[in-house]
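Q: Could you take a close look at one part of this model for me, the loop residues with unusual backbone or surface features? I'd enjoy a connected walk through them.

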Amino acid sequence: MKKNWLTTNNYQHISFFGEDLPSDKWYSSESKVIQLPTPITRGSGLVGRLPHPSPTRRLAPIRSSFPPLAASPSELGMADPPKTNKPLGPPRSRGSRGVSRGGSRAATAASRMSRGSGSSGSSRKDSDTVDEDGTKTPKLNPPRKPTSRAYGSVRARIRVRGGRPMMQGFANVGSVFDEAKSEELHPQIIKMARRSGQLNLSNRGMHEVPDKVYHIHEMDADEAKKMMMGMSMDSTDDDRWWEQTDLTRLYLSSNCLSSISPKISNLMSLQVLDLSDNCLTSLPSTIGELTCLHRLNLSHNRLEELPAGLFLISDLRSLQLDHNQLSSLSNDLGNLTVLEYLDVSHNALTELPASIGYMQRLSKFNASNNKLQELPYEIGDCFGLNQLDLNQNELKGLPDSIGNLQKLEQLYLRYNSIQILPPLHNCASLKELHLGFNFIKEIEAEQLNHLTGISVLDLRDNQIDDLPDQITLLQGLERLDITNNNLSTLPYHIGLLPHLKSMPLDGNPMRLIRRDIIQRGTMQLLKYLRSRVSAPVNTFPGFENTPVDTNLIMGEKAIPDKYQMRTTQTMAYNEKAAEIPDKLIENAAEAGVRTVDLSKNILSQVPEKLETLSRHVSEIMLGMNKLTSIPAFFGTFQRLQFLDVQGNQLTDLPTDLAQCLYLREINISANRFEQLPACVYEMAQLEILFAGDNKITSIYVEGLSKLKRIATLDLHNNNIDFVPPLLGNMTQLRTLQLEGNAFRVPRTAILAKGTREILDYLRTRIVDQ
């Protein structure tokens with residue numbers, strides 16, 4: 001029988017499949033003859049078994065040195081091997097080719113040799129794959145289930161990782177060592193973290209942090225082995241230790257973590273740690289060793305207490321502890337002297353530590369949704385406090401020291417048990433005061449003297465019976481919410497407040513102001529209140545320095561100056577005026593405005609002085625007036641792009657308007673046009689034309705076809721009795737509105753299908769000449 005000769009670096013790793021083997025001679029890669037103690041044959045009982053490697057000897061990686069398929073043993077300097085009738089490896093069939101990817105290299109080589117000796121198989125070529133150790137393994141289809149003729153098992157490969165042997169080549173590695181495979185990070189994630197200094201493991205459903213995270217810069221056995229094998233350190237696929245940075249950001253939010261290992265202290269350079277939205281019940285005390293930590297997010301967990309080490313992080317700037325189960329805070333909280341943002345909302349706190357006064361850099365403090373009944377007097381020492389949120393607690397008042405917060409801008413006290421306004425005597429920067437849903441019955445006039453800079457005052461859902469006359473001291477007030485109180489009237493001079501834009505009154509038993517006036521909205525209500533003022537303006541609180549002839553009482557809008565219009569680039573005057581003040585146009589000319597909005601007036605003609613704005617204006621809005629004509633000087637507005645004259649009494653447009661070469665949109669809806677103006681057909685840049693709600697009787701297709709850029713044509717609600725089929729050739733139209741006219745064709749059903757269907761239908765009705 002012909003022998004099959006194989007060459008290998010380590011014969012101890014070879015496992016065969018029950019075939020007749022050579023006698024007692026084997027050739028190694030060093031061309032040395034290795035003598036086996038007993039010839040291995042089918043009948044020897046040693047098929048598929050070789051001496052087990054010594055446990056004290058480190059196993060070298062398998063490196064194949066098989067000869068090419070076309071080479072014979074004699075060409076390699078060997079004696080001719082004995083002949084055999086069977087190839088090595090499992091029997092081949094049409095549906096099975098070779099062995100699995102985890103199988104023996106010897107069996108793979110034998111399969112190649114058998115193909116070279118005439119075995120039948122598919123003509124499809126298999127590509128090679130690369131193992132973890134860098135060697136190439138042929139990619140073969142898995143074999144069929146072994147028959148009753150038992151063959152040897154697929155070879156396993158033993159590797160060392162973390163000081164422990166790891167088995168490769170088996171489907172269930174854990175079953176070999178009675179050990180479940182632990183969750184590991186993908187090597188690419190580790191590489192990216194080492195390069196960027198940021199590791200994001202959020203929303204992965206993890207129950208514990210992989211141990212590799214705590215040792216992310218330590219080299220494991222695999223990485224050390226690659227270096228020992230002399231792999232190129234310049235390869236872009238490998239880690240470059242000189243390019244690694246310390247881990248500074250670690251995101252572990254939205255997982256199922258119940259604890260954090262004390263090894264977290266290994267990450268000494270960590271600056272941001274996000275552990276929010278987990279199941280943490282405690283923290284390791286070693287977290288205090290993260291001396292570089294700036295931001296710590298522990299929100300949405302189950303923490304009942306905080307470790308003492310947490311208050312040793314002296315450089316902490318932001319601490320989020322909201323949505324936990326904290327019932328108290330340690331007095332060591334004051335050690336965090338550089339803390340700027342603290343959120344302890346949605347807990348079960350009944351008091352705050354007095355040491356909070358040491359946190360003088362604290363700018364935002366949120367303690368809402370707790371059970372606080374009072375604040376410590378030391379809260380007034382937080383001089384840097386800018387925003388204080390104490391909503392939904394059990395507070396009945398605030399300490400007098402709260403008035404020392406000179407930088408305080410926003411104070412939230414909704415849903416408490418407060419009965420009087422807090423003493424805010426020195427809070428000169430206060431802009432928003434939210435006191436809704438409390439038990440306030442009256443507002444003292446003296447307290448309003450300290451709130452002159454406030455812009456938002458929320459007093460809804462209280463028990464206020466009357467507003468004092470001194471309410472007008474709040475000259476900067478923009479929103480006053482007095483919903484659901486016991487007010488029966490309002491001081492009329494509240495309508496004089498210059499910046500007041502919103503004043504909800506719903507839920508009050510108003511007797512002196514009709515309900516229909518209240519329902520008209522804040523602007524109409526203020527106008528009504530101003531009309532009821534009879535005394536001079538300078539007799540009311542806050543208006544002592546106002547001239548007597550002020551136009552506030554008349555309700556007229558002051559003319560904006562050139563500085564305001566220079567900022568907005570708009571001249572807007574919508575006061576239902578019959579004339580436009582010349583001063584307004586003069587200011588607009590000096591400001592170089594680009595938009596003129598004179599809509600919603602009762603103008604019968606366009607002011608002649610408007611021509612002075614022709615050099616800069618690109619938009620003119622004259623809609624909702626009583627204009628019967630447009631002056632010819634509109635043709636001098638060379639930059640004009642948008643013209644809106646809807647809702648007037650126009651019957652034509654001046655031909656000079658065709659000189660506006662950049663005009664892109666015209667709105668002439670709701671006028672008295674019987675046909676489209678002739679100047680429209682000369683506007684080559686026109687894209688949008690609104691001409692609905694007129695008296696147009698026909699469509700001049702020859703003129704519209706000149707408008708190569710027209711995309712929107714609105715002719716709804718006119719007197720058109722015929723739609724020319726040639727209109728269907730204007731395929732550049734994206735929107736065509738023809739509803740509400742007198743024609744019968746196209747039918748309503750076709751119009752409802754949209755512009756494309758209308759144009760397609762019209763083209764089908766074109767008669768060839």
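A: Met624 has a relative accessible area of 49%, so it counts as partly exposed, since the exposed class begins over 50%. This is a predicted model, and in it Met624 sits in the loop between strand E22 (619-621) and E23. Its backbone deserves a glance too: phi of Met624 is positive, about 60°, although the residue is not a glycine.

His300 makes a good companion. Phi is near 60° there, again a positive value in a residue other than glycine. His300 belongs to the loop between strand E11 (295-297) and strand E12 (318-320), and it is partly exposed because its relative accessibility is 37%.

Moving on from E23, you reach Leu661, in the loop between strand E23 (642-644) and strand E24 (665-667). With a relative accessible area of 54%, Leu661 is exposed. Its C-alpha lies 8.0 Å from that of Arg639, and the two residues are 22 apart in sequence.

Another backbone feature to look up is the cis peptide bond from Val745 to Pro746, with omega near 5°. Pro746 is found in the loop between strand E27 (735-737) and helix H12 (748-751).

Finally, try the loop between strand E17 (432-434) and helix H6 (445-448), which holds Glu444. Glu444 is partly exposed, at 40% relative accessibility. Together with Glu442, Glu446, Asp465, Asp466 and Asp469, Glu444 forms a negative surface patch.

Note on methods
Residues are numbered from 1 along each chain as its sequence is written. This is a predicted model: local features need pLDDT of at least 70, side-chain atom pairs count only at pLDDT 80 or more; totals for chains, interfaces and linings use all residues. Side-chain values use heavy atoms; hydrogens and water are left out. Patches are made of residues with over 30% relative accessible area and no salt bridge: like charges are joined within 9 Å, nonpolar side chains (Val, Leu, Ile, Met, Phe, Trp, Tyr) within 5 Å. Accessible areas come from the Shrake-Rupley method with a 1.4 Å probe; for residues, only the protein chains shown count as cover. A salt bridge is a side-chain nitrogen of Lys or Arg within 4 Å of a carboxyl oxygen of Asp or Glu. Lys and Arg count as positive and Asp and Glu as negative; His and the chain ends are not counted. The place of a charge is taken as NZ of Lys, CZ of Arg, CG of Asp or CD of Glu. Helices (H or I, at least four residues) and strands (E, at least two) are DSSP runs, numbered from the N terminus. Buried means under 20% relative accessible area, exposed over 50%, partly exposed in between (1.4 Å probe, protein chains only).
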